[in-house]
Amino acid sequence: MENLVIRCRAGDREAWAAVIQSHAGLVNGLLRGAYRLSPHDSEDAFQEVFTRLYMRLGDLREDRALPGWIAQVTRNVALDLIRRRQREVASGDELDEASFDEPHERVLDAMSVRQALSRLPNQQREMLERFFVQDQSYSTIANELSIPAGTIASRISRAVALLRNEFMEEKPASERPSQYE
Amino acid sequence: MSERLDDDERLIEALRLTGDPPRAWIEAAALIPATLGDLASIERVVASEQFRSRFRESPESAMADAGLPATPALMAALRAEFA
């Protein structure tokens with residue numbers, strides 16, 4: 001990303017769209033995957049996160065601050081929403097706010113994985129996205145890609161190994177296992 | 001590089017969190033600057049003590065007077081901002 005924050009502050013709509021596009025997965029992953037909000041609440045929270053970001057662009061100096069800032073705001077928006085829902089149903093349950101901190105680490109991992117995923121060949125990337133991200137069954141994947149259902153598990157396994165390899169390659173050779181499968 | 005991602009279980013868990021939201025959410029968020037107006041005006045309004053106290057009394061009227069659209073996301077963001 002090249003100075004997206006500065007460009008957004010100057011009113012560059014393309015830069016704003018790029019910020020959203022590159023962080024939409026992070027926000028969605030937190031809201032749906034980590035904080036388990038309903039689709040409806042997630043949609044509201046998603047818009048609120050980016051509204052808060054727009055209002056606070058003046059506080060940000062560098063693009064690299066964006067993921068951490070957005071993750072923190074997403075956490076706060078999700079917490080507010082859950083508190084509001086609890087009040088609506090007059091729930092006396094205590095909200096465990098500490099449990100909302102742990103997903104940050106998971107989301108940083110997710111962002112690394114997202115980048116690694118983009119470096120994989122299309123076939124492997126598609127296999128992983130269909131199975132793990134879109135939750136498609138073996139038979140759906142087999143039908144849509146016109147490949148034998150019996151080969152899906154091994155294809156997924158090979159794609160996971162390739163993805164893992166993306167991280168292993170950053171390590172010194174002495175720390176890498178000799179076989180990835 | 002995350003050391004944690006050496007582990008397949010962790011890698012797959014992270015993979016599950018990488019999905020994009022529905023296209024419509026992204027398109028709606030892309031319209032936020034057009035809906036809210038230029039950043040300098042928003043910052044001026046938000047920094048105004050008069051607006052803050054008006055907003056606490058009557059959020060909708062304060063928004064209307066300031067020429068801000070009373071979208072649910074902006075109302076919620078302002079409530080959080082002034083809490």
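These are my notebook entries on how some helices of chains A and B sit against one another in a predicted model.

**Entry 1: helix α2 of chain A**

I began with α2(A), which covers residues 13–34. I found that α2(A) has 22 residues and reaches 30 Å from its first C-alpha to its last, which is close to the 32 Å expected at 1.5 Å a residue. I then looked along its course and noted a bend of about 45° at H23(A). After the helix comes R36(A), and I wrote down that its phi is positive, near 60°.

**Entry 2: α2 against α4 in chain A**

Next I looked up how α2(A) packs with α4(A), and I found an angle of about 40° between them, with the axes 10 Å apart. The two helices are therefore oblique to each other, and I recorded their crossing as right-handed. On the side of α2(A), the residues that meet α4(A) are V19(A), H23(A), L26(A), V27(A), L30(A) and L31(A). H23(A), where I had noted the bend, is thus also one of the residues that meet α4(A). From α4(A) come L66(A), P67(A), I70(A), A71(A), T74(A) and A78(A). When I sorted this contact by class, I had 10 nonpolar residues, two polar ones and no charged ones. The spacing along each helix made me recall that an α-helix has 3.6 residues a turn, so residues three or four places apart point the same way.

**Entry 3: α3 against α4 in chain A**

I turned to α3(A), whose axis comes within 9 Å of the axis of α4(A), a helix of residues 66–88, and crosses that axis at roughly 135°. I noted that α3(A) and α4(A) are therefore oblique to each other, and that α3(A) passes α4(A) in a right-handed crossing. For this contact, α3(A) brings D41(A), A45(A), E48(A), V49(A), R52(A) and L53(A), while α4(A) brings I70(A), V73(A), T74(A), V77(A), A78(A) and L81(A). By class, I listed eight nonpolar residues, one polar and three charged. I70(A), T74(A) and A78(A) of α4(A) take part here, and they also meet α2(A).

**Entry 4: where chain A touches chain B**

I then asked how many residues each chain puts into the contact between them. Chain A gives 44 residues and chain B gives 37 residues. On the side of chain A, α2, α3, α5, α6 and α8 each supply at least two residues, and α2(A) gives the most, with 11 residues. That side of chain A holds 21 nonpolar, 11 polar and 12 charged residues.

**Entry 5: one helix pair across the two chains**

Last, I followed α8(A) to α1(B), a helix of residues 8–16, and found that they pack at an angle of about 95°, with their axes 11 Å apart. That makes α8(A) roughly perpendicular to α1(B). V160(A), L163(A) and R164(A) of α8(A) make the contact with D8(B), L11(B) and I12(B) of α1(B). I counted these residues by class as four nonpolar, no polar and two charged.

Technical notes
Residues numbered from 1 in each chain as written. Chains lettered and ligands numbered in written order. Predicted model: local features only at pLDDT ≥ 70, side-chain atom pairs only at ≥ 80, totals over all residues. Contact = placed C-beta atoms within 7 Å. Helix = DSSP H or I, 4+ residues; strand = E, 2+ residues; numbered from the N terminus. Nonpolar A, V, L, I, M, F, W, Y, C, P; charged D, E, K, R; others polar. Axes fitted to C-alpha atoms, helices over the stretch in contact; angles between N-to-C directions. Parallel < 35°, antiparallel > 145°, perpendicular 65-115°, else oblique. Left-handed = near helix turned anticlockwise from the far one by under 90°. Expected span 1.5 Å × (residues − 1). Bend = angle between axes of the 7 residues up to and from the residue.
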